[in-house]
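Opening the notebook on a new model today. Plan: sheets, then packing, then charged pairs.

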Amino acid sequence: MNAGRRMRRVIGLSAVAIVLASLAACYPTRRSEPLVGPMPLDKAHLLRGRLLFDRHCYKCHLEGEGGLAPAMNDKPLPKFLMRLQVRVGLGAMPGFTDEQISDAELDDILNYIVALRHHHQKQ
Amino acid sequence: MNRRMRRFGSALLLGGVVSLSGCYSMRPSAGGGQTSFSGTRAVNASDIAVPAGYRVEAVARDFTFPTGVAFDAQGIPHVVEAGYSYGEVFTTPRLVRVNKDGSTTEVARGGKNGPWTGVAYANGAFFVAEGGQMEGGRILRITPEGKITALVENLPGQGDHHTNGPAIGPDGAVYFGQGTATNSGVVGQDNLKFGWLKRFPKFHDIACQDITLAGVNYPTADAPATPDLPKGSTGAFVPFGTATNAGQLIRGQVPCSGAIMKVSPNGGKPELVAWGFRNPFGLAFAPDGQLYATDNGYDERGSRPVWGTPDVLWRVAPGTWYGWPDYSEGLPLNQELYEVPGKGKPQLVLAKPPGKPPRPVASLGVHASSNGLDFSRSKRFGHAGHAFIAEFGDQAPDSGKSLHPVGFRVIRVDVSNGRIEDFVVNRSDKGGPASKIGGGGLERPVAVRFDPSGDGLYVVDFGVMLMDKTGPKPQQRTGVLWRVTRGSPK
């Protein structure tokens with residue numbers, strides 16, 4: 001790939017990323033029961049994820065709508081990036097060790113977050 | 001650059017941009033009170049959402065700083081108006097009967113010693129917690145004819161937080177909470193902003209039992225507004241401008257700060273139930289007789305700011321220390337979780353904790369101001385045994401930065417597993433009080449109480465309280481009493 005094509009690709013990817021970020025900021029984030037109905041937690045891992053989320057994440061992010069910290073429901077981050085952010089931390093967000101949240105617990109939390117993100121589409 | 005690397009780079013770029021779009025440090029505070037208000041408050045129940053099968057309606061309006069509701073022997077709701085609000089606004093504390101047409105009739109009024117923070121009814125009388133901003137806290141017994149008797153006086157309520165509650169226990173005693181004087185144990189310039197430090201320059205937190213200090217002190221800012229206050233440094237559990245030493249003993253006494261105490265309904269000396277709370281605002285006994293309490297988490301303010309600590313719901317065990325001023329939600333403050341961005345981890349002010357604090361039933365929103373609490377007892381209403389909590393809402397930027405409004409709703413907590421669900425919220429794509437998001441929905445829910453039948457959940461809405469850098473701006477005659485019932489209109 002020559003330099004011109006590479007530059008165009010970088011510019012294109014950046015533009016897509018900025019558009020996605022802008023769209024994310026406009027996307028409704030609230031998922032609470034009075035607004036969109038109860039979230040089905042019929043699978044055991046989702047219920048585990050919900051309870052772990054409420055213990056570790058709710059205080060800053062509420063039900064993904066944001067509070068002290070940014071909203072989560074409007075950010076289409078893949079699981080591996082969320083996992084990285086939880087383990088390493090980002091900005092004001094502290095990192096969580098595997099003693100605080102085990103790998104298995106983090107799997108449940110991430111699965112729950114993804115399900116929560118899509119909950120509005122099930123109504 | 002191979003294909004895998006390019007994909008990885010793209011993902012990182014995407015992730016970075018999306019993450020930065022929500023970056024905490026780059027964005028200004030956007031709390032729920034950071035808005036404007038003028039004129040008359042709109043009240044419209046259709047702007048409020050409740051779960052399917054429930055409905056909400058306004059029962060009465062135009063209260064000034066309402067903080068609690070209780071029902072007399074005939075099931076008639078009575079509301080207390082605080083008589084004081086943050087922002088140093090003094091009005092008249094009152095107990096008023098709410099008539100069927102939504103009008104009110106005054107039953108009793110107090111003096112300039114609010115805020116009246118809550119009310120309960122038992123055995124033919126009302127019991128009111130008088131916050132004690134000017135003369136110290138009291139627990140009052142008020143007859144339906146309006147005769148007021150103090151069951152206990154001189155509670156340390158002159159500070160940031162007041163005398164709260166009350167709740168009548170299965171033993172017949174009157175249980176009440178006593179909030180702390182300060183945010184985290186150290187009197188500082190933030191207490192001048194509250195207003196009380198100028199009135200009571202020697203006031204400070206009081207330990208319930210003997211404690212030993214680590215000798216951690218904080219510089220006292222040389223502020224032009226405080227020429228009469230001493231300069232130097234200030235430690236925990238001592239007056240402003242007083243330094244402490246490592247190993248210094250602080251003698252415990254009752255009544256004390258950050259505690260739940262109880263007193264006989266006939267009056268007498270208060271008895272300590274549990275301590276180490278920060279501001280135990282809501283007290284309620286579950287159907288099984290277990291006492292629970294809401295507790296407001298630390299703020300990012302003052303000489304010893306703490307970041308990221310949630311409000312909590314405690315299951316209260318007699319004799320237990322719950323962690324203030326060195327723990328949050330059962331964890332010590334000197335860790336990354338509670339590090340103030342750019343300022344480091346808080347130091348512990350106690351040489352040795354007086355116990356190992358338990359973990360809470362639930363960790364609620366940071367700065368949500370989780371206040372009034374009650375339990376459903378009715379299968380008809382549903383969720384029997386679950387806790388319902390009124391969340392007054394954040395006081396950003398005074399309490400610390402919030403990227404979004406926090407609170408301004410009623411939540412439900414399953415105390416068997418800690419699961420948290422919204423129950424009453426404003427109907428909007430964005431959370432926050434009606435004064436910020438528009439419409440005639442909730443402003444600041446401060447108390448919840450089921451009626452004697454258990455079929456109606458009454459929500460006391462304090463009304464509009466704006467926030468800016470100069471502090472709170474509460475708006476009189478904007479309070480509302482809401483009711484949530486299940487099923488179709490009667």
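**Sheets in chain B**

I started with one residue pair: Gly137(B) sits across from Leu155(B) of β12(B). This is a predicted model, so I read everything below with that in mind. I then looked up the strands behind that pair: β11 (residues 137–142) of chain B runs antiparallel to β12(B), and 5 bridges hold the pairing.

Next I wanted the sheet around them. The strand order is β9-β10-β11-β12 (chain B), an open sheet of 4 strands with antiparallel pairing. Which strands stand at the edges? I found β9 (116–122) and β12 (148–155) of chain B there; each has a single partner strand, so one side of each has no neighbour in the sheet. I also noted the twist, which averages 15° from one strand to the next.

I pulled up another open sheet in chain B, with 5 strands in the order β1-β30-β29-β28-β27, and the pairing is again listed as antiparallel. Its edge strands are β1 (48–49) and β27 (370–375) of chain B, each paired on one side only. At the β27(B) end, 4 bridges connect to β28 (residues 387–391) of chain B, and the two strands run antiparallel. For a reference point in that pairing I wrote down Ser370(B), which faces Glu391(B) of β28(B).

**Nonpolar packing**

General reminder to self: nonpolar side chains tend to be buried together in soluble globular proteins. Here the largest nonpolar core has 76 residues, and the members touching the most others are Phe237(B), Leu313(B) and Val413(B). Which helix gives the most to this core? I get α6 (residues 103–117) of chain A, with 7 residues.

I picked Phe237(B) for a closer look at its contacts, skipping neighbours within four places in sequence. The list includes Ile206(B), Ile211(B), Leu213(B), Ile250(B), Trp324(B) and Leu350(B). Also among the contacts of Phe237(B) are His204(B), Asp205(B), Gly185(B) and Pro325(B). I logged a second, separate core too: 20 residues, including Ala60(B), Val79(B), Phe281(B) and Val446(B).

**Charged pairs**

I searched the whole structure for salt bridges and got 36 over all chains. I followed up a few of them.

In chain A, Lys75(A) and Asp74(A) form one, at 3.0 Å from N to O. Are these two buried or exposed? Lys75(A) has a relative accessible area of 11% and Asp74(A) has 9%; buried means under 20%, so both residues qualify.

Over in chain B, I found Arg483(B) bridged to Glu57(B), at 3.1 Å from N to O. This pair links distant parts of the chain, 426 residues apart: Arg483(B) belongs to β35 (residues 479–486) and Glu57(B) to β2 (residues 54–63), both of chain B. Arg483(B) comes out partly exposed, at 24% relative accessibility.

I also checked Arg94(B) with Glu81(B), a salt bridge whose closest N and O atoms are 2.8 Å apart. Arg94(B) lies in β7 (residues 94–98) of chain B and Glu81(B) in β4 (residues 77–81) of chain B, with their positions 13 residues apart in the count. Glu81(B) is buried, at a relative accessible area of 5%.

Last entry: a network of salt bridges that links residues of both chains. I list Arg50(A), Asp54(A) and Glu63(A) together with Arg419(B) and Glu421(B).

Key
Residues are numbered from 1 along each chain as its sequence is written. Chains are lettered from A and ligands numbered from 1 in the order in which they are written. This is a predicted model: local features need pLDDT of at least 70, side-chain atom pairs count only at pLDDT 80 or more; totals for chains, interfaces and linings use all residues. Side-chain values use heavy atoms; hydrogens and water are left out. Two strands pair if DSSP finds at least two bridges between them. Axes are lines fitted to C-alpha atoms, for helices over the stretch in contact, and angles run from 0 to 180 degrees between N-to-C directions. A nonpolar core is a set of buried Ala, Val, Leu, Ile, Met, Phe, Trp, Tyr and Cys residues joined through side-chain atoms within 4.5 Å. Buried means under 20% relative accessible area, exposed over 50%, partly exposed in between (1.4 Å probe, protein chains only). Contact means heavy atoms within 4.5 Å. A salt bridge is a side-chain nitrogen of Lys or Arg within 4 Å of a carboxyl oxygen of Asp or Glu.
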